[in-house]
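Thanks for making the time this morning; I would like to walk through one model with you, beginning with a single residue and working outwards. Please keep the sequence and the structure in view as we go.

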Amino acid sequence: MWRDGVLVAGKDLRIELRSRVVLNQVAPFSVVVLVLFALALGPSRAPIAQAAPGLFWVTLLFATVLAVQRSVAVESTEARDGLRLSGLDPAGIFLGKTAAVAVELAALEVLLGAGVLLFYGVHVRSVATLVAAAVFGTLGLAASGTLYGALAGGLRVRETLLPFLLLPVVAPVLLAGTRAWQAALGQGSTGTDPWMALLVVFAAVYLALGVVLFGPLQEAA
Amino acid sequence: MAPAVLFRAAVALAGRFPALAGVDLVVAPGDVVVLEGPNGAGKTSLLRAGAGLLAVTEGEAVVLGHDLRRDRVGVRRRVGLLGHDAALYDDLTVAENVRFALRSRAGRAGCRSGTAARGADEALERLGLVGRLRDTPAGRLSAGQRRRVALAVLVARGPELWLLDEPHAAFDEGGRLVVDEIVRDAAGEGAAVVLASHEPAMSAPLATRIVSMAGGRVVSEIDLGRRQATGGGAAVDPEAPVRGGVHVA
Amino acid sequence: MTVAPWSRRTTLVVRAVGIAALVSVVATLWLGIWVTPPDQVQHDLVRLVYVHPPIAWVALYLAFGTAALASILWLWRRTRSPMWDRLAASAVEVGAVFTALTLVTGSIWGRPTWGVWWAWDARLTSTALLLVMLLGYLALRRVPGDPDARARRCAVAAIIAAVDVPIVHFSVVWWRTLHQGATVLNANLSPTIHGSMAWTLLLGFVAFTLTFVWMLAQRMRIETLSQQLEGAELDEALQERWAEGAPAAASAPARAGAAEAAP
């Protein structure tokens, strides 16, 4: 399973390196979203700064939808058959694709995070919390996204169905991530522990679900 | 000898449409069966069902000892399917695509000892994919070249059952000769080959049997009596009913 | 040829459940509206307690739980049967109705207390998310295609959503309760229950559970009939397919002779 995962992750990342879709399309999109939010909430800095953590995570959620769509689109109908025929362990395929999406999102987050800090003018109190929340949140997003991507994968209505299916499910990540980041930026009065715990649990649960359910899902193509 | 493929009254659905409406077919190792018939007769569906991609919902379907109605996943690594479109990743080069396809099966070779898996390089060379072509992204290849890559993967793998969907299509004259050679070699080593063709005249010289399909069923069979070595000229399973067929001794 | 999906006994049982449901709902309403006393704080508004919590319970636990359990039973090879798929789909659909009702009754209940039609109360929010997830399931179900693939997709979707429900719930509860500076929106809607109110509440639970079961049974019946219709369509399609092949079969001997001559 792990070897298959590494193989698939490598393949997906190599494709991304060649085609640069995430770099050239998803990243600029995310930056545009940040700017739009600022336009909507501004021009005074205060409301924007206060909303910054939430805006980061919302933007990240949208970016996840795009990244997952891309991850699914890489497997054309024939390639999907090819994957089924390849004898690769479905759990490994799931982990590989999740890992690839997670890496892409991580790169995006560095960019977004810098953007938020710059544009929205906030001061960081605890970098460790920021990073930890981002890491586990990303894992959770990538895992649930890949799983739903497989669910909606072969369907012609995938583009419109996927966001509808995915976003409600990852709402807890948005909540928890925002609260954690608020604490890390010195805003809000909630502690970080319950939120971090939630992010970890979410990631663990969806990784486990994906490993178990990806196989049966592939057969529904 | 156990047949490589055994279908009896097999029904397979694509959505609500019965792609296979009761197929009877037996293929022995070393056989080269040519499926012919009009468009929509179910040739591609039969190949896909044989590869475990299309679920058989009624009847009997056993491929290489795997009961497809219970477990159609396990059979896939022992079967090689060449579809209409090559399952390649457009952004990866030919060499990378082949490497990915072959690494997926490392350590899981289910091929019989007689059918030695050839090296990837040898296979690529045999199909004329040399030099700069190997580093070309698959998206830039022509349809014929893409099929060559897919076929090269099959040759490198050496499966026990070859399912080829119109193997001559998109190939130029030289390519077609290579395909014929490959089919003969595979059958000679004891693999079973089933190929679908729109132009039976081109594939007839290869065939040991020609099976006609229409409306999702097998309508007739002609045994050309040319069996390849290995199996020792094993006859077609006598239990299998041959529908409306003409057996030539 | 279609066969009635239910035996005589099943039909009778379902009818009995339906009647019991109707009677108990009416009784609940009567007791709730006329017999039980108004609350000190919430006055007549408290009467919603006989309706809202039971409906919420049915939606969140009964409907969702049934759908999730049925989905697991379908996915697990050993217990796979089309009935589980039908059960899951029916439970989700009826559950969606109950969830929407939960939101409506909850909103009505909250309006006088909060002054707004909607508030980001923990329960309302997580219930709203749940409703969207259920609608997503129903959207998946409507996608045309192979019934087996559809059942598989939906079963997985149901399980994923079911796993998410507690996560969503906790996250939203923490969101509300840990956030200091919350205003009047935190007002507790739960009144103290005693005496005749307790019995009425219990009756309410029973009443809506029976209603759910009855609606579930009816929905499953529709689903069974609809799948029978699909089966009949399949038979027709098979006939048509064979008819396609008939002319080819007739000309087969001629072609056989030609091919024989060729090599």
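**From one serine to the chain contacts**

S71(C) counts as buried, because it has 29 C-beta neighbours inside 10 Å, the rule being that 20 or more other C-beta atoms within 10 Å make a residue buried, 12 or fewer make it exposed, and anything in between is partly exposed, with C-beta atoms placed from the backbone. Before going further, I should say that this is a predicted model, in which local features need pLDDT of at least 70 and side-chain atom pairs count only at pLDDT 80 or more, while totals for chains, interfaces and linings use all residues. Residues are numbered from 1 along each chain as its sequence is written, and chains are lettered from A and ligands numbered from 1 in the order in which they are written.

S71(C) sits in helix α2 (residues 52-75) of chain C, where helices (H or I, at least four residues) and strands (E, at least two) are DSSP runs numbered from the N terminus. Setting aside neighbours within four places in sequence, S71(C) is in contact with A88(C), A155(C), A158(C) and I159(C), contact meaning that the C-beta atoms of two residues, placed from the backbone, lie within 7 Å.

Turning to chain A, which residues of α4(A) are buried? They are D81(A), G82(A), R84(A) and L85(A), and they lie on the same side of α4(A), because they cover an arc of only 160° around the axis, the arc being that of the directions from the helix axis to the C-beta atoms. These buried residues pack against α9 (193-218) of chain A together with β6 (79-82) of chain B, and just after α4(A), G87(A) takes a positive phi of about 80°.

That leads to the contact between the chains, in which 16 residues of chain A meet 19 residues of chain B. On the chain A side, α1 (2-19) and α4 (77-85) each supply at least two residues.

Finally, a word on confidence in chain B, given as pLDDT, the predictor's confidence in each residue from 0 to 100. The mean pLDDT of chain B is 78, and 84% of its residues reach 70 or more. I would read two stretches with care: pLDDT stays under 50 over residues 107-118 of chain B, for which the model has 27 contacts beyond four places in sequence, and also over residues 229-249 of chain B, for which the model has 43 such contacts.
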